[in-house]
Amino acid sequence: MPKLSSRDIIFARIACFASTALITFILSRIDSVKGIPDKIMNAVGTESAVVAVVFWMLLVFIIYDVLMRIVRSLWIQVRKTPDNIGVIRNSDIKINTSRGIGAIPAYRVEFEDVLNSTKDNVIGAVNTLISIGFSLGASDIHINPDPEKVTVILRIQGNLYSLGEIPRHLYSHFARRIKILSGLSIYKQSIPQDGQLYFEDKSYTARVAVFPTANGERIAMRLVNVHARIMDLESIGMPENVLLDCKALLNRSQGMIIITGPTGSGKSTTMFSSLLHIQKLRKDSVNIVTLEDPIETNLEGFFQTQVGQNTGLTFSTGLRSVLRQDPDVIMLGEIRDEETATIAVRAAMTGHLLLTTVHATSTAGVFNRLSQMGIDPVELSSTVHAVISQRLCRQLCPACRKKTELTDAHVRQLKLLGVNEVPEGSFYEADGCPQCLGHGFRGRIALFEILLVTDTLRDFISRGCPAYELSKEARKAGMATLLDHGLELAREGRISLMEMTRIVSD
Ligand SMILES: [Zn+2]
């Protein structure tokens with residue numbers, strides 16, 4: 001018998017119990033039913049009141065049991081759920097991370113086969129899709145309904161790959177299955193909904209966003225491998241100067257290190273690698289706490305707390321409370337309001353090293369952003385040690401990249417970024433080959449820039465100077481910019497000049 005969730009069970013029990021009482025009451029008013037205990041006693045030849053009590057108890061039990069069975073089966077009919085509502089059984093999912101993007105054509109065939117295998121094999125198809133997504137290390141799965149077809153697209157390391165189509169007639173079942181797994185209402189189809197699906201052992205999760213369109217619901221799933229290995233600070237692609245500065249800063253016992261960059265630029269990776277570095281550096285003598293929305297990776301030895309929707313904790317309330325837990329190092333997911341910013345600055349001034357992210361367009365822009373939030377520039381100048389900015393750039397496929405001449409288009413792009421002298425050296429492009437499935441790119445690489453708050457800059461910040469002045473001063477003091485790092489990688493043939501200029505101008 002399929003199970004209901006515990007809240008549903010309580011409702012079902014109350015409803016069945018009330019109905020049982022009502023039915024028993026009605027039956028007790030019917031003479032033919034009322035007379036049954038007497039008939040039994042006459043037949044057996046006794047006159048014990050126990051017979052009547054047992055009879056009525058048995059009747060109540062049978063009615064209640066029958067009603068509960070009916071409710072369960074009706075529930076399953078309506079919701080079409082298996083016995084694991086909202087949870088994916090690990091045994092249903094086969095994850096094989098050894099195959100890489102070269103296996104996409106084979107996966108495409110597998111997905112199509114499952115969809116066509118048995119009629120309405122929607123559960124199997126959803127499981128297969130999730131298995132493929134995690135196997136390929138996809139960050140997102142998009143399911144886009146068109147008038148004629150429904151396309152399934154995976155985002156893997158920044159590139160989009162098609163995984164085929166879902167027949168239109170299966171799509172409503174498909175969407176419903178994903179919504180059930182994500183704890184979303186299957187009846188609401190005209191409003192956006194956000195949910196989350198979990199594996200039984202919580203090793204993988206996916207944030208699911210459903211959005212109504214004219215052709216049906218568009219589904220976006222952000223896949224998260226909770227036990228993904230955190231990379232060492234040395235292997236996240238920092239150039240030598242940034243790495244050395246970063247390591248030196250992470251040895252501080254108080255102050256603030258801020259990371260900035262657009263969504264999906266790898267800021268979390270940098271923060272976690274930094275925390276891991278601190279943990280290795282200070283061994284067991286450090287108390288590291290994190291406040292995240294949501295927790296994307298489970299880490300041993302850190303105290304991680306989820307804030308945000310449905311938790312009753314915000315970044316500011318969480319931070320205020322966590323300060324009483326005697327932390328040495330605090331990782332704060334993001335500063336986006338005045339209250340959080342104020343508490344964060346205070347924490348960084350009172351013996352805590354705080355790592356956080358702020359949304360700004362450049363390293364220097366972070367100071368203006370925080371000033372706009374109401375933070376005193378003088379406090380800011382004495383608390384922030386450095387701002388790191390980063391971008392993720394798609395790497396050229398080593399198998400099909402080739403040298404290219406610098407064109408007018410390149411020169412114009414560079415001019416827009418303020419590079420007036422044509423840089424020396426050769427640059428590369430890639431047209432695509434079977435190894436990169438025609439995309440010309442394989443994997444991604446990060447671009448970094450670190451702005452160290454020197455005494456001169458501290459003076460600039462405390463006077464509230466605009467971002468471009470800070471930036472100019474930092475460059476004068478030897479700061480290598482995102483563009484410098486990008487040009488270096490472009491000259492090495494790791495990335496294309498066009499991709500780099502697009503990413504850096506963000
Ligand atoms: Zn290639």
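In the predicted model, strand S8 (residues 255-260) is joined by 5 bridges to strand S13 (residues 384-396), and the two strands run parallel. Within this pairing, Ile259 has Ile388 of S13 as its bridge partner. Helix H17 (residues 482-491) packs on the sheet to which these strands belong, where it touches S13 and S16, and its direction makes about 145 degrees with that of S16. The sheet itself is open and is formed by 7 strands, which follow one another in the order S10-S9-S11-S12-S8-S13-S16 with mixed pairing. Its edges are strand S10 (303-306) and strand S16 (441-452), each of which pairs on one side only. From one strand to the next, the twist of this sheet averages 20 degrees.

A further open sheet is also built from 7 strands, here in the order S1-S5-S6-S7-S2-S3-S4, and its pairing is likewise mixed. Strands S1 and S4 stand at the edges with a single partner strand each, so that one side of each is left without a neighbour in the sheet. At the S1 edge, strand S1 (residues 87-88) pairs with strand S5 (residues 193-199) in the parallel sense over 2 bridges, and Val87 stands opposite Tyr198 in S5. On the other side of this pairing in the strand order, S5 is matched with strand S6 (residues 204-213) in the antiparallel sense, over 6 bridges, with Gln193 placed opposite Val210 in S6. S5 and S6 form a hairpin that has 4 residues between the strands, and in this hairpin Lys202 takes a positive phi near 60 degrees.

Further along the order of the sheet, strand S2 (residues 140-145) and strand S7 (residues 216-225) run antiparallel and are joined by 4 bridges. The bridge partner of His142 in this pair is Ala220 of S7. At the S4 edge, strand S3 (residues 150-156) and strand S4 (residues 159-166) pair over 6 bridges in the antiparallel sense, and Thr151 stands opposite Glu165 in S4. These two strands also form a hairpin, with 2 residues between them, and Gln157 in the turn has a positive phi of about 45 degrees. In a regular strand, side chains alternate between the two faces of the sheet.

Helix H6 connects the description of this sheet with that of the helices, as H6 lies across S1, S2, S3, S4, S6 and S7 and runs at about 45 degrees to S7. Helix H6 (residues 122-135) also packs with helix H5 (residues 104-117), at an angle of about 165 degrees and with the two axes 8 Å apart. H5 and H6 are therefore roughly antiparallel to each other, and H5 passes H6 in a right-handed crossing. The residues that meet are Tyr107, Glu110, Phe111, Val114 and Leu115 on the H5 side, and Gly124, Ala125, Thr128, Leu129 and Ile132 on the H6 side. Sorted by class, the contact of H5 with H6 comprises 7 nonpolar, 2 polar and 1 charged residues.

Another helix pair is formed by helix H10 (residues 315-322) and helix H11 (residues 338-349), which pack at an angle of about 25 degrees with their axes 8 Å apart. This angle makes H10 roughly parallel to H11, and the crossing in which H10 passes H11 is left-handed. From H10, the residues Phe315, Ser316, Leu319 and Arg320 meet Glu339, Thr340, Ile343, Ala344 and Ala347 of H11. The residues of this contact divide into 5 nonpolar, 2 polar and 2 charged.

As to the overall composition and dimensions, the protein has 18 helices and 16 strands. Its C-alpha atoms fill a box of roughly 110 × 55 × 40 Å, taken along the principal axes. The radius of gyration of the protein is 31 Å, whereas a compact globule of 506 residues would have a value near 23 Å.

Definitions and conventions. Residues numbered from 1 in each chain as written. Predicted model: local features only at pLDDT ≥ 70, side-chain atom pairs only at ≥ 80, totals over all residues. Pairing = 2+ DSSP bridges. Axes fitted to C-alpha atoms, helices over the stretch in contact; angles between N-to-C directions. Contact = placed C-beta atoms within 7 Å. Parallel < 35°, antiparallel > 145°, perpendicular 65-115°, else oblique. Left-handed = near helix turned anticlockwise from the far one by under 90°. Nonpolar A, V, L, I, M, F, W, Y, C, P; charged D, E, K, R; others polar. Rg over C-alpha atoms; globule rule 2.2 N^0.38 Å.
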